[in-house]
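Colleague: I've got this model open and would like a close look at one part of it. Could you pick a buried spot and walk me through what surrounds it?

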Amino acid sequence: MTERVLFFPWGWGGGAAYTGRCLVLAAALAEAGDEVAFADCGINAMVREAGFPVLASEPEAPSPPDRHPMPPFLPFADVERVFAVAATYHRIERVRQRIAADTRLIEEYRPTLVVIDMCPTAALAARAKGIPVVSLADADFVTPRDNGWMPWSTVAPRDLLPHPSSLPVWDEVSRELGLGPVARAEHLLWGDVTLVSSLPGLEPLDGPPHRGRLHYVGPMYWNPVKPVDGPPPPLTDRPRVYVTIGSGGTVGRQALQNVLDACADEPWSVYVSSGFAFEGGLKVPDNVVVAGFTGLDTPLEWADVVVSHGGSATVLATLRHGKPSVVMPFMSEQEMNGRQLVEDTGAGVLLRTSETTPRGRLNFRDRYSGPSDQPCVRVDDIRRGVAEVLGGAGFTERAAQWGERLRACQESTDLAALARSAASAPAEVGR
(Lines give C-alpha, C1' and ligand atoms only; values in the text may rest on other atoms or scores of the structure.)
Protein backbone atom coordinates (compact mmCIF):
# COMPACT_ATOMS: atom_id res chain seq x y z
CA MET A 1 0.00 0.00 0.00
CA THR A 2 1.30 3.43 -0.91
CA GLU A 3 1.14 6.37 1.47
CA ARG A 4 0.15 9.99 1.02
CA VAL A 5 2.65 11.98 3.06
CA LEU A 6 2.59 15.61 4.16
CA PHE A 7 5.78 17.19 5.54
CA PHE A 8 5.99 20.04 8.07
CA PRO A 9 9.59 21.32 8.53
CA TRP A 10 10.31 23.91 11.22
CA GLY A 11 10.44 27.38 9.72
CA TRP A 12 10.75 29.94 12.52
CA GLY A 13 14.17 31.37 11.78
CA GLY A 14 15.78 27.96 11.38
CA GLY A 15 18.40 27.02 8.85
CA ALA A 16 18.23 24.72 5.86
CA ALA A 17 18.91 21.60 7.93
CA TYR A 18 15.29 21.05 8.99
CA THR A 19 13.96 21.28 5.45
CA GLY A 20 16.92 19.29 4.13
CA ARG A 21 16.29 16.42 6.51
CA CYS A 22 12.66 16.27 5.37
CA LEU A 23 13.80 16.24 1.74
CA VAL A 24 15.98 13.18 2.37
CA LEU A 25 13.01 11.21 3.66
CA ALA A 26 10.68 12.66 1.01
CA ALA A 27 13.02 11.43 -1.73
CA ALA A 28 13.12 7.96 -0.20
CA LEU A 29 9.32 7.80 0.06
CA ALA A 30 8.82 9.13 -3.47
CA GLU A 31 11.23 6.52 -4.82
CA ALA A 32 9.19 3.88 -3.00
CA GLY A 33 6.06 5.09 -4.82
CA ASP A 34 4.45 7.31 -2.18
CA GLU A 35 2.84 10.70 -2.89
CA VAL A 36 4.64 13.55 -1.13
CA ALA A 37 3.91 17.24 -0.47
CA PHE A 38 5.23 19.95 1.85
CA ALA A 39 3.48 22.50 4.00
CA ASP A 40 4.37 26.12 3.29
CA CYS A 41 7.11 26.39 5.89
CA GLY A 42 10.84 25.88 6.11
CA ILE A 43 12.75 26.98 3.02
CA ASN A 44 10.35 26.53 0.12
CA ALA A 45 12.95 27.20 -2.58
CA MET A 46 14.79 24.03 -1.56
CA VAL A 47 11.57 22.02 -1.71
CA ARG A 48 10.62 23.27 -5.16
CA GLU A 49 14.13 22.71 -6.47
CA ALA A 50 13.87 19.12 -5.29
CA GLY A 51 10.67 18.73 -7.31
CA PHE A 52 8.08 18.48 -4.52
CA PRO A 53 4.90 20.59 -4.32
CA VAL A 54 4.46 23.22 -1.61
CA LEU A 55 0.93 23.76 -0.31
CA ALA A 56 -0.22 27.29 0.48
CA SER A 57 -0.92 27.97 4.14
CA GLU A 58 -3.03 30.53 6.00
CA PRO A 59 -2.25 32.43 8.13
CA GLU A 60 1.11 33.33 6.67
CA ALA A 61 3.57 30.51 7.19
CA PRO A 62 6.96 30.95 8.86
CA SER A 63 9.50 32.69 6.68
CA PRO A 64 13.18 31.81 6.23
CA PRO A 65 15.81 33.76 8.14
CA ASP A 66 16.26 37.36 7.08
CA ARG A 67 19.61 39.04 6.64
CA HIS A 68 19.57 41.21 9.72
CA PRO A 69 22.27 40.30 12.23
CA MET A 70 21.18 38.40 15.30
CA PRO A 71 22.77 38.41 18.76
CA PRO A 72 26.21 36.79 18.63
CA PHE A 73 25.04 33.83 20.73
CA LEU A 74 21.53 32.47 21.28
CA PRO A 75 21.22 30.67 24.66
CA PHE A 76 18.31 28.32 23.99
CA ALA A 77 18.55 25.87 26.89
CA ASP A 78 15.80 23.55 25.71
CA VAL A 79 13.08 23.01 23.12
CA GLU A 80 10.50 24.95 25.13
CA ARG A 81 12.64 28.10 24.93
CA VAL A 82 12.90 27.71 21.17
CA PHE A 83 9.13 27.44 20.86
CA ALA A 84 8.50 30.39 23.16
CA VAL A 85 11.19 32.75 21.87
CA ALA A 86 11.67 31.92 18.18
CA ALA A 87 7.98 31.34 17.34
CA THR A 88 6.35 33.25 20.26
CA TYR A 89 4.34 30.14 21.05
CA HIS A 90 3.85 31.41 24.59
CA ARG A 91 0.83 33.21 23.06
CA ILE A 92 -2.11 30.84 23.00
CA GLU A 93 -3.89 32.54 20.11
CA ARG A 94 -0.80 32.19 17.93
CA VAL A 95 -0.64 28.49 18.71
CA ARG A 96 -4.35 28.04 18.02
CA GLN A 97 -3.97 29.88 14.70
CA ARG A 98 -1.05 27.72 13.66
CA ILE A 99 -2.80 24.49 14.65
CA ALA A 100 -5.88 25.61 12.70
CA ALA A 101 -3.75 26.36 9.62
CA ASP A 102 -1.97 23.00 9.87
CA THR A 103 -5.33 21.27 10.33
CA ARG A 104 -6.71 22.90 7.17
CA LEU A 105 -3.73 21.66 5.16
CA ILE A 106 -4.21 18.17 6.55
CA GLU A 107 -7.92 18.21 5.73
CA GLU A 108 -7.26 19.44 2.19
CA TYR A 109 -4.39 17.08 1.38
CA ARG A 110 -5.81 14.10 3.31
CA PRO A 111 -2.45 12.47 4.14
CA THR A 112 -2.17 8.98 5.52
CA LEU A 113 1.07 10.03 7.24
CA VAL A 114 2.38 13.35 8.60
CA VAL A 115 6.11 14.01 8.98
CA ILE A 116 7.33 16.77 11.28
CA ASP A 117 10.77 18.18 11.92
CA MET A 118 10.48 20.19 15.13
CA CYS A 119 6.96 21.34 14.23
CA PRO A 120 4.74 20.81 17.32
CA THR A 121 1.55 22.38 15.96
CA ALA A 122 1.47 19.96 13.02
CA ALA A 123 2.01 17.04 15.39
CA LEU A 124 -0.99 18.09 17.48
CA ALA A 125 -3.13 18.74 14.40
CA ALA A 126 -2.32 15.31 12.96
CA ARG A 127 -2.92 13.44 16.20
CA ALA A 128 -6.27 15.18 16.65
CA LYS A 129 -7.24 13.78 13.24
CA GLY A 130 -5.97 10.31 14.09
CA ILE A 131 -3.15 10.48 11.52
CA PRO A 132 0.17 8.80 12.41
CA VAL A 133 3.16 11.09 12.93
CA VAL A 134 6.77 10.51 11.98
CA SER A 135 9.19 12.83 13.75
CA LEU A 136 12.64 13.68 12.38
CA ALA A 137 14.80 14.83 15.27
CA ASP A 138 18.11 15.63 16.79
CA ALA A 139 18.52 13.67 20.00
CA ASP A 140 18.24 16.87 22.04
CA PHE A 141 14.76 17.56 20.57
CA VAL A 142 13.36 14.59 22.51
CA THR A 143 15.76 14.25 25.43
CA PRO A 144 14.26 13.74 28.90
CA ARG A 145 17.03 15.69 30.64
CA ASP A 146 16.73 19.28 31.77
CA ASN A 147 18.60 21.96 29.81
CA GLY A 148 18.64 19.53 26.88
CA TRP A 149 20.26 22.02 24.49
CA MET A 150 22.64 23.41 27.09
CA PRO A 151 23.37 20.74 29.72
CA TRP A 152 26.32 22.65 31.17
CA SER A 153 24.03 25.50 32.25
CA THR A 154 23.64 25.98 35.99
CA VAL A 155 20.49 28.14 35.80
CA ALA A 156 16.90 27.67 34.65
CA PRO A 157 16.19 28.16 30.93
CA ARG A 158 14.06 31.26 31.57
CA ASP A 159 16.94 32.90 33.43
CA LEU A 160 18.72 33.10 30.08
CA LEU A 161 15.72 33.97 27.88
CA PRO A 162 12.92 35.34 30.07
CA HIS A 163 9.98 35.07 27.66
CA PRO A 164 6.82 33.60 29.27
CA SER A 165 6.66 29.82 29.26
CA SER A 166 4.90 28.09 26.38
CA LEU A 167 4.28 24.91 28.37
CA PRO A 168 0.92 26.01 29.87
CA VAL A 169 -0.20 26.86 26.33
CA TRP A 170 0.74 23.45 24.96
CA ASP A 171 -1.02 21.77 27.85
CA GLU A 172 -4.21 23.77 27.33
CA VAL A 173 -4.46 23.33 23.56
CA SER A 174 -3.61 19.63 23.81
CA ARG A 175 -6.44 19.12 26.28
CA GLU A 176 -8.79 21.13 24.02
CA LEU A 177 -7.98 18.71 21.19
CA GLY A 178 -8.72 15.71 23.39
CA LEU A 179 -5.07 14.66 23.44
CA GLY A 180 -4.47 14.93 27.17
CA PRO A 181 -1.90 16.89 29.18
CA VAL A 182 1.59 17.92 28.07
CA ALA A 183 4.21 17.55 30.80
CA ARG A 184 7.24 18.61 28.72
CA ALA A 185 7.62 20.47 25.44
CA GLU A 186 9.92 17.69 24.21
CA HIS A 187 6.99 15.25 24.37
CA LEU A 188 5.34 17.12 21.49
CA LEU A 189 8.16 16.02 19.18
CA TRP A 190 7.92 12.30 19.79
CA GLY A 191 6.24 10.58 16.85
CA ASP A 192 4.60 7.21 16.43
CA VAL A 193 8.00 6.65 14.86
CA THR A 194 10.92 8.97 15.67
CA LEU A 195 14.01 9.00 13.44
CA VAL A 196 17.17 10.44 14.99
CA SER A 197 19.80 11.42 12.43
CA SER A 198 22.77 10.22 14.45
CA LEU A 199 24.11 7.18 16.32
CA PRO A 200 23.40 6.11 19.91
CA GLY A 201 27.16 6.08 20.54
CA LEU A 202 27.32 9.75 19.61
CA GLU A 203 24.08 11.08 21.09
CA PRO A 204 22.56 8.65 23.60
CA LEU A 205 19.05 9.13 24.96
CA ASP A 206 18.34 8.08 28.52
CA GLY A 207 15.14 6.26 29.36
CA PRO A 208 12.40 4.68 27.25
CA PRO A 209 10.69 6.51 24.38
CA HIS A 210 7.85 8.80 25.42
CA ARG A 211 5.75 7.30 22.62
CA GLY A 212 6.23 5.08 19.60
CA ARG A 213 9.49 3.62 18.39
CA LEU A 214 12.87 5.34 18.17
CA HIS A 215 15.40 4.60 15.42
CA TYR A 216 18.89 6.01 14.88
CA VAL A 217 19.34 6.35 11.12
CA GLY A 218 22.65 8.17 10.60
CA PRO A 219 23.08 11.63 9.03
CA MET A 220 20.21 13.08 7.01
CA TYR A 221 21.20 16.13 4.96
CA TRP A 222 20.28 17.41 1.51
CA ASN A 223 22.45 18.36 -1.42
CA PRO A 224 21.00 20.79 -3.98
CA VAL A 225 19.75 19.41 -7.27
CA LYS A 226 21.29 22.25 -9.25
CA PRO A 227 25.06 22.53 -9.72
CA VAL A 228 27.14 24.26 -7.05
CA ASP A 229 26.21 27.94 -6.74
CA GLY A 230 29.49 29.57 -7.77
CA PRO A 231 32.96 28.19 -8.47
CA PRO A 232 33.84 24.60 -7.52
CA PRO A 233 36.52 23.75 -4.95
CA PRO A 234 39.94 24.51 -6.42
CA LEU A 235 42.47 21.95 -7.55
CA THR A 236 45.43 22.28 -5.19
CA ASP A 237 48.33 20.51 -3.49
CA ARG A 238 47.96 22.69 -0.40
CA PRO A 239 46.09 21.69 2.78
CA ARG A 240 42.40 22.16 2.01
CA VAL A 241 40.17 24.11 4.43
CA TYR A 242 36.41 24.13 3.87
CA VAL A 243 34.39 26.87 5.62
CA THR A 244 30.63 26.76 6.18
CA ILE A 245 29.23 28.74 9.08
CA GLY A 246 25.52 28.88 8.30
CA SER A 247 23.17 30.62 5.92
CA GLY A 248 23.47 34.10 7.40
CA GLY A 249 20.22 34.08 9.38
CA THR A 250 21.99 33.76 12.71
CA VAL A 251 25.56 34.56 11.71
CA GLY A 252 26.95 38.06 11.44
CA ARG A 253 29.13 39.18 8.57
CA GLN A 254 31.96 39.93 11.01
CA ALA A 255 32.20 36.26 11.98
CA LEU A 256 32.83 35.22 8.39
CA GLN A 257 35.28 38.06 7.89
CA ASN A 258 37.21 36.86 10.95
CA VAL A 259 37.47 33.41 9.36
CA LEU A 260 38.72 34.91 6.10
CA ASP A 261 41.26 37.05 7.96
CA ALA A 262 42.44 33.97 9.86
CA CYS A 263 43.13 32.20 6.57
CA ALA A 264 44.93 35.12 4.93
CA ASP A 265 48.61 34.50 4.12
CA GLU A 266 48.43 30.91 5.40
CA PRO A 267 49.72 28.04 3.22
CA TRP A 268 46.18 26.68 2.81
CA SER A 269 43.64 26.54 0.02
CA VAL A 270 40.29 27.70 1.40
CA TYR A 271 36.81 27.12 0.00
CA VAL A 272 33.80 28.93 1.52
CA SER A 273 30.11 28.08 1.24
CA SER A 274 28.51 31.40 2.10
CA GLY A 275 24.92 30.13 2.04
CA PHE A 276 21.94 32.31 1.25
CA ALA A 277 23.23 35.57 2.64
CA PHE A 278 26.73 37.01 2.25
CA GLU A 279 26.68 38.32 -1.31
CA GLY A 280 29.49 40.83 -1.12
CA GLY A 281 31.31 43.36 0.96
CA LEU A 282 33.85 40.88 2.29
CA LYS A 283 37.61 41.23 2.09
CA VAL A 284 38.60 37.95 0.48
CA PRO A 285 42.27 36.82 0.61
CA ASP A 286 43.99 35.45 -2.49
CA ASN A 287 43.98 31.88 -1.14
CA VAL A 288 40.18 31.86 -0.61
CA VAL A 289 37.40 30.95 -3.07
CA VAL A 290 33.88 32.00 -2.07
CA ALA A 291 30.82 30.20 -3.44
CA GLY A 292 27.13 30.38 -2.46
CA PHE A 293 24.83 27.50 -1.51
CA THR A 294 26.96 24.52 -2.46
CA GLY A 295 25.54 21.56 -0.60
CA LEU A 296 27.87 19.51 1.56
CA ASP A 297 29.10 16.39 -0.22
CA THR A 298 31.28 18.05 -2.88
CA PRO A 299 33.24 20.35 -0.54
CA LEU A 300 33.46 17.71 2.20
CA GLU A 301 35.01 15.21 -0.20
CA TRP A 302 37.54 17.92 -1.12
CA ALA A 303 38.43 19.12 2.40
CA ASP A 304 41.15 18.17 4.86
CA VAL A 305 39.51 20.15 7.69
CA VAL A 306 36.12 21.81 8.06
CA VAL A 307 35.46 25.11 9.84
CA SER A 308 31.78 25.31 10.74
CA HIS A 309 29.20 26.80 13.08
CA GLY A 310 28.53 23.40 14.62
CA GLY A 311 25.08 22.81 13.12
CA SER A 312 23.98 19.21 13.60
CA ALA A 313 23.66 18.40 9.89
CA THR A 314 27.04 19.96 9.10
CA VAL A 315 28.96 18.26 11.92
CA LEU A 316 27.40 14.85 11.28
CA ALA A 317 27.97 15.14 7.53
CA THR A 318 31.58 16.09 8.24
CA LEU A 319 32.01 13.03 10.44
CA ARG A 320 30.32 10.85 7.83
CA HIS A 321 33.00 11.92 5.36
CA GLY A 322 35.69 11.17 7.95
CA LYS A 323 36.88 14.79 8.15
CA PRO A 324 37.84 16.67 11.34
CA SER A 325 36.08 19.85 12.49
CA VAL A 326 36.90 23.27 13.86
CA VAL A 327 33.67 24.55 15.45
CA MET A 328 32.84 28.20 16.25
CA PRO A 329 29.28 28.15 17.65
CA PHE A 330 26.67 30.92 17.50
CA MET A 331 24.03 29.26 19.68
CA SER A 332 23.81 26.77 22.51
CA GLU A 333 22.87 23.71 20.46
CA GLN A 334 25.84 24.31 18.17
CA GLU A 335 28.12 24.55 21.19
CA MET A 336 26.68 21.26 22.45
CA ASN A 337 27.37 19.63 19.08
CA GLY A 338 30.92 20.93 19.31
CA ARG A 339 31.31 19.50 22.80
CA GLN A 340 29.60 16.16 22.15
CA LEU A 341 30.26 15.34 18.50
CA VAL A 342 33.67 16.96 18.05
CA GLU A 343 35.60 17.35 21.31
CA ASP A 344 34.25 14.20 23.03
CA THR A 345 34.99 12.12 19.93
CA GLY A 346 38.44 13.66 19.47
CA ALA A 347 37.47 14.55 15.89
CA GLY A 348 38.38 18.22 16.09
CA VAL A 349 38.35 21.31 18.31
CA LEU A 350 35.72 23.66 19.72
CA LEU A 351 36.84 27.29 19.61
CA ARG A 352 34.37 28.84 22.07
CA THR A 353 32.56 27.63 25.18
CA SER A 354 30.08 29.41 27.44
CA GLU A 355 29.29 29.26 31.12
CA THR A 356 26.27 30.65 32.94
CA THR A 357 26.44 33.01 35.88
CA PRO A 358 24.01 32.94 38.83
CA ARG A 359 22.29 36.01 37.37
CA GLY A 360 21.56 34.30 34.08
CA ARG A 361 24.32 35.86 32.03
CA LEU A 362 26.91 34.17 29.84
CA ASN A 363 30.67 34.26 30.05
CA PHE A 364 32.65 33.10 27.03
CA ARG A 365 36.04 31.46 26.81
CA ASP A 366 37.95 31.02 23.54
CA ARG A 367 40.12 27.95 23.18
CA TYR A 368 43.51 29.65 23.01
CA SER A 369 43.11 33.24 24.20
CA GLY A 370 40.86 32.54 27.20
CA PRO A 371 37.99 34.72 28.52
CA SER A 372 36.44 36.90 25.83
CA ASP A 373 33.99 39.78 25.66
CA GLN A 374 34.12 39.81 21.88
CA PRO A 375 30.96 38.89 19.90
CA CYS A 376 32.92 36.56 17.62
CA VAL A 377 35.82 34.16 18.06
CA ARG A 378 39.08 36.06 17.59
CA VAL A 379 41.02 35.77 14.35
CA ASP A 380 44.07 34.25 16.01
CA ASP A 381 41.98 31.55 17.74
CA ILE A 382 40.48 30.52 14.40
CA ARG A 383 43.92 30.40 12.78
CA ARG A 384 45.38 28.34 15.62
CA GLY A 385 42.42 25.95 15.61
CA VAL A 386 42.81 25.17 11.92
CA ALA A 387 46.58 24.78 12.33
CA GLU A 388 46.14 22.44 15.31
CA VAL A 389 43.77 20.14 13.46
CA LEU A 390 45.83 20.13 10.26
CA GLY A 391 48.91 19.34 12.31
CA GLY A 392 47.42 16.46 14.29
CA ALA A 393 46.80 13.24 12.36
CA GLY A 394 44.80 11.84 15.28
CA PHE A 395 41.90 14.18 14.59
CA THR A 396 41.45 12.78 11.09
CA GLU A 397 41.94 9.20 12.25
CA ARG A 398 39.20 9.50 14.86
CA ALA A 399 36.86 11.27 12.42
CA ALA A 400 37.42 8.46 9.91
CA GLN A 401 36.48 5.84 12.51
CA TRP A 402 33.16 7.58 13.18
CA GLY A 403 32.68 8.01 9.45
CA GLU A 404 32.76 4.25 8.96
CA ARG A 405 30.10 3.75 11.64
CA LEU A 406 27.84 6.48 10.27
CA ARG A 407 28.04 5.19 6.71
CA ALA A 408 27.33 1.64 7.89
CA CYS A 409 24.22 2.87 9.71
CA GLN A 410 23.00 4.74 6.63
CA GLU A 411 23.60 1.76 4.35
CA SER A 412 21.67 -0.60 6.61
CA THR A 413 18.69 1.74 7.11
CA ASP A 414 15.54 1.73 4.98
CA LEU A 415 14.15 5.19 5.69
CA ALA A 416 10.97 4.67 3.70
CA ALA A 417 10.16 1.41 5.49
CA LEU A 418 10.73 2.96 8.92
CA ALA A 419 8.49 5.93 8.11
CA ARG A 420 5.79 3.71 6.64
CA SER A 421 5.82 1.57 9.78
CA ALA A 422 4.18 4.48 11.61
CA ALA A 423 1.05 3.94 9.53
CA SER A 424 0.63 0.50 11.07
CA ALA A 425 1.56 1.58 14.60
CA PRO A 426 -1.25 1.50 17.15
CA ALA A 427 -2.58 4.97 17.90
CA GLU A 428 -1.63 6.42 21.28
CA VAL A 429 -4.44 8.87 21.87
CA GLY A 430 -3.96 11.24 24.76
CA ARG A 431 -0.20 11.03 24.81
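Modeller: Sure. First, a cut-off we'll need: a residue is called buried when its relative accessible area is under 20%. Keep in mind that this is a predicted model.

Let's take Ile-116, which is found in strand 4. Its relative accessibility is 0%, so Ile-116 counts as buried. What is Ile-116 in contact with, once you leave aside its neighbours within four places in sequence? The list is Phe-8, Ala-122, Ala-123, Val-133, Val-134, Ser-135, Leu-136, Leu-188 and Leu-189. For a sense of distance, take Gly-275, which is 159 residues away from Ile-116 along the chain: the two C-alpha atoms are separated by 24 Å.

Several of those contacts lead us to strand 5, where Val-133, Val-134, Ser-135 and Leu-136 are among the buried residues. Strand 4 and strand 5 pair in the parallel sense, over 3 bridges. If you want to find the pairing on screen, start at Val-115, whose bridge partner in strand 5 is Val-134. In a regular strand, side chains alternate between the two faces of the sheet. In strand 5 both faces are covered: Val-133, Ser-135 and Ala-137 are buried on one side, and Val-134 and Leu-136 are buried on the other. That fits the tally for strand 5, with 5 of its 5 residues buried.

Next, bring helix 1 into view. Its buried residues pack against strand 4 (113–117) and strand 5 (133–137), and also against strand 1 (4–9), strand 2 (35–39), helix 2 (44–49) and helix 14 (415–420). Those buried residues include Tyr-18, Arg-21, Cys-22, Leu-25 and Leu-29. Helix 1 has 16 residues (16–31), and at 1.5 Å a residue it should span 22 Å; its end C-alpha atoms are 22 Å apart, so the two values agree. After helix 1 comes Gly-33, with a positive phi near 100°.

One more thing about Arg-21, since you'll meet it again. Besides being one of the buried residues of helix 1, Arg-21 helps line the second largest cavity, along with Ser-197, Pro-219, Met-220, Tyr-221, Ser-312, Ala-313 and Leu-316. That cavity holds about 40 Å³ of space, and the model has 3 cavities of 30 Å³ or more. The largest share of its lining, 3 residues, comes from helix 10 (residues 312–320). By class, the lining has 5 nonpolar, 2 polar and 1 charged residues.

Methods: Residues numbered from 1 in each chain as written. Predicted model: local features only at pLDDT ≥ 70, side-chain atom pairs only at ≥ 80, totals over all residues. Heavy atoms only, no water. 1 Å grid on protein atoms, 1.4 Å probe; cavity = no way out; pocket = protein on both sides within 12 Å on 5 of 7 lines; lining within 4 Å. Points joined across faces, edges and corners; volume = space filled by probe spheres on them. Helix = DSSP H or I, 4+ residues; strand = E, 2+ residues; numbered from the N terminus. Nonpolar A, V, L, I, M, F, W, Y, C, P; charged D, E, K, R; others polar. Expected span 1.5 Å × (residues − 1). Buried < 20%, exposed > 50% of the residue type's maximum accessible area, 1.4 Å probe, protein only. Contact = heavy atoms within 4.5 Å. Pairing = 2+ DSSP bridges.
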